[in-house]
Each structure stands twice: as C-alpha cells, then as structure tokens.
Amino acid sequence: MNETGKLRIAGLAKRFGDVVALDGVDLAVAENEFVSIVGASGCGKSTLLSLIAGLETPSEGVVEVSGRPVTGPGRDRGVVFQQATLMPWLTVQRNVEFALRGEAGLSKADRADRAREFLGLVGLEGFEQAFPAQLSGGMQQRAALARSLSYGPEILLMDEPFGALDALTRRTMQELLLEVWERHRLTVLLVTHDIDEAVVTSDRVVVMSPRPGRVREILDVPIARPRSLASERTTEFRDLADAILALIHERPEPRSGGSEVPAAAAE
Ligand SMILES: Nc1ncnc2c1ncn2[C@@H]1O[C@H](COP(=O)(O)OP(=O)(O)OP(=O)(O)O)[C@@H](O)[C@H]1O
C-alpha cells in the first residue's frame, strides 16, 4: 500500500436528473488518515459518502478502495449514519453479532466475544443485553460505531454521526472518536457541519463548493496528536477553523461555462 493508496476518487460526478450533485471530484486518502468533508448544505457531502459506500452509482468517474473499484456496498467499508440504524428487536450485543455473521472462521462464541470487545471499546460494557430503545441517542451511536468497527473495515465512513445528539453528548462522542482512532488508527472519512469537530479530529479537511459539488480546497491540520477537545482553545486551532468557515461561505470562482449557484443560495 503506497502512502496515498487507501481511497482514490477520480473525476467523480453524480447527477440526479437535472441536479448536478457532484462534478469532477478528485480525492486521495492515505491509509490511517482521518479526513473530514465540510461544505454548505446541499453541496453533495452525503452523496459523496454514499458513492464511496456503494449505495449510489457514479454518473462519471471512479471510486477505488485499496485499488479495487467500488461496485456496491462491502465489508471493506463501515458506515455510521446520523441515526443509529440498529435493529430494534435485537439487543445491542445481538446487533453487533448480527453484523459479524458474514465473517469467515468466526464461531458463534467468537462473534459473542468480538461483540463484547467492541462494545467495551465504546464504553457500553454492562449494556450488552439492552435493546436500542432503552438506550440514549449517544449510547445508540456508540453501539452503531461498535458494530461498524467490529468487522474490521478498511475505511470508516461517517455521515453526521453526532448531528442528532445534544451538545454535551456530542462532545463526549467526539472525545470517544479521538480515543478510538488513537487506539485503532483506521482510515476515516467524516462528513460534518461542525467545523470544530472536523478540525479536532482530522489530518485534513476537505472544503466543498456548493452545487455542483466540487473539492474547493483541502487544508492540512498541523495540530499535534494525540489531541483532545482542549486543543480547540489554541489560537492555531481557532485560526484554522475561521479560515475553513470563510471558505465555506465565500462565493466560488466561476468556471468557464460553469453554472455555480452562490453559497447563499444553498439552503
Ligand atoms: N436521491 C436524490 N434524488 C434527487 N436529488 C438528490 C438525491 N440525493 C441528493 N440529491 C440532491 O443532490 C444535492 C446534494 O445533496 P447531498 O444530500 O449530498 O448534500 P449535503 O451536502 O450532504 O447536504 P446536507 O449538508 O444538507 O446534508 C442536493 O441538491 C440534493 O437535493
């Protein structure tokens, strides 16, 4: 695996009828890199993640994971959405075990052990036998994260994973994500509206321009790791977050023959 080889996106476009959601997106993500995607509402962030997850098909271009073209969903990619999408009729433990059913060479007992291990990692020990409805939103997201990590995906795709949580729980989950990443070092792509969340977690932040969605700029986050939410109080952090915010709200340069809508027109 070369340095830029975990995920490669080239010339990616996605149209929904007349709506050009993405146009000419190029992006390379290295193994164990944490990359966030930010941009105005409707700029195509979720569409980009869905294309990588294989839930949507590109109109043009390619998505490759470890050199293999993405043709549909697969266990090499774990996905965490804003809503936890746990099966309500199964306990938390069974939800994780269910996701492990396709793992070759894992006995029932192995699946149970693996589920307990990952539920422990996200701080859910003691809640294995709870049903999703008995858990808070934050705990449900912990379970969803455990489920996605349990089968060892090569890339973790997260679409506003903490967007539905209250501010305090959101902060706790950001700390958890930082800790998990420090311990497991996997490749993560995080879509978020929260600039501070993007900066504190990421090695690079991709700023997208509004419709049609394109990569406007990619910024390095030169803040030392391991990080904690306390990193957000530094001047270096605040300056970078301010620069990203300015980029999101700045009107993009029109391309010749382009049809950009001003950022303010995005809802
Ligand atoms: N299935 C679909 N059918 C038609 N249009 C779609 C579909 N999915 C997305 N779009 C359109 O594509 C554009 C990009 O949508 P997308 O949800 O990817 O943006 P986003 O940046 O994730 O937005 P938000 O930040 O509000 O979640 C929008 O104009 C949206 O209306």
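Arginine 15 stands opposite valine 20 in strand S2. The model is predicted. Leucine 12 also has a bridge partner in S2, namely valine 25. These pairs belong to a longer ladder: seven bridges join S1 (residues 7-16) to S2, and the two strands run antiparallel. S1 and S2 make a hairpin, with two residues between them. In that turn, glycine 17 has a positive phi of about 60 degrees.

The hairpin is part of an open sheet. Four strands make up this sheet, in the order S2-S1-S4-S5, with antiparallel pairing. Strand S2 (19-29) and strand S5 (68-69) are the edges; each has a single partner strand, so one side of each is left without a neighbour in the sheet. Strands of a sheet pair through backbone hydrogen bonds, either parallel or antiparallel. In a regular strand, side chains alternate between the two faces of the sheet.

**Ligand shell**

S2 turns up again around the ligand. Both S2 and helix H1 (45-53) give two or more residues to the shell. H1 supplies the largest share, three residues. The shell consists of Phe16, Val19, Ala21, Gly39, Ser41, Gly42, Cys43, Gly44, Lys45, Ser46, Thr47 and Arg211. By class, it has four nonpolar, six polar and two charged residues.

**Backbone exceptions**

Most residues other than glycine have a negative phi, and most peptide bonds are trans. Threonine 85 departs from the phi pattern: its phi is positive, near 50 degrees, although the residue is not glycine. Arginine 185 also has a positive phi, near 45 degrees, and is not glycine either. The peptide bond between arginine 225 and proline 226 is cis, with omega about 0 degrees.

Each of these sites sits in a loop, as the table shows.

| Residue | Torsion | Loop between |
|---|---|---|
| Threonine 85 | phi near 50 degrees | strand S6 (77-80) and helix H2 (92-99) |
| Arginine 185 | phi near 45 degrees | helix H5 (167-184) and strand S8 (187-191) |
| Proline 226 | omega about 0 degrees, bond to arginine 225 | strand S10 (214-220) and helix H7 (235-249) |

How exposed is threonine 85? Threonine 85 is partly exposed, because 13 other C-beta atoms lie within 10 Å, and a residue counts as exposed at 12 or fewer. Arginine 185 has 12 C-beta neighbours inside 10 Å, so it counts as exposed. Proline 226 is exposed too, with 9 other C-beta atoms within 10 Å.

Proline 226 also gives a long-range distance. The C-alpha atoms of proline 226 and methionine 87 are separated by 34 Å. Along the chain, these two residues are 139 residues apart.

**Helix packing**

H2, which follows the loop of threonine 85, packs against helix H4 (residues 137-150). Their axes are 8 Å apart, at an angle of about 25 degrees. Angles under 35 degrees count as roughly parallel, and H2 and H4 are therefore roughly parallel to each other. H2 passes H4 in a right-handed crossing.

Technical notes: Residues numbered from 1 in each chain as written. Predicted model: local features only at pLDDT ≥ 70, side-chain atom pairs only at ≥ 80, totals over all residues. Pairing = 2+ DSSP bridges. Near = placed C-beta within 6 Å. Nonpolar A, V, L, I, M, F, W, Y, C, P; charged D, E, K, R; others polar. Buried ≥ 20, exposed ≤ 12 C-beta atoms within 10 Å, placed from the backbone. Axes fitted to C-alpha atoms, helices over the stretch in contact; angles between N-to-C directions. Parallel < 35°, antiparallel > 145°, perpendicular 65-115°, else oblique. Left-handed = near helix turned anticlockwise from the far one by under 90°.
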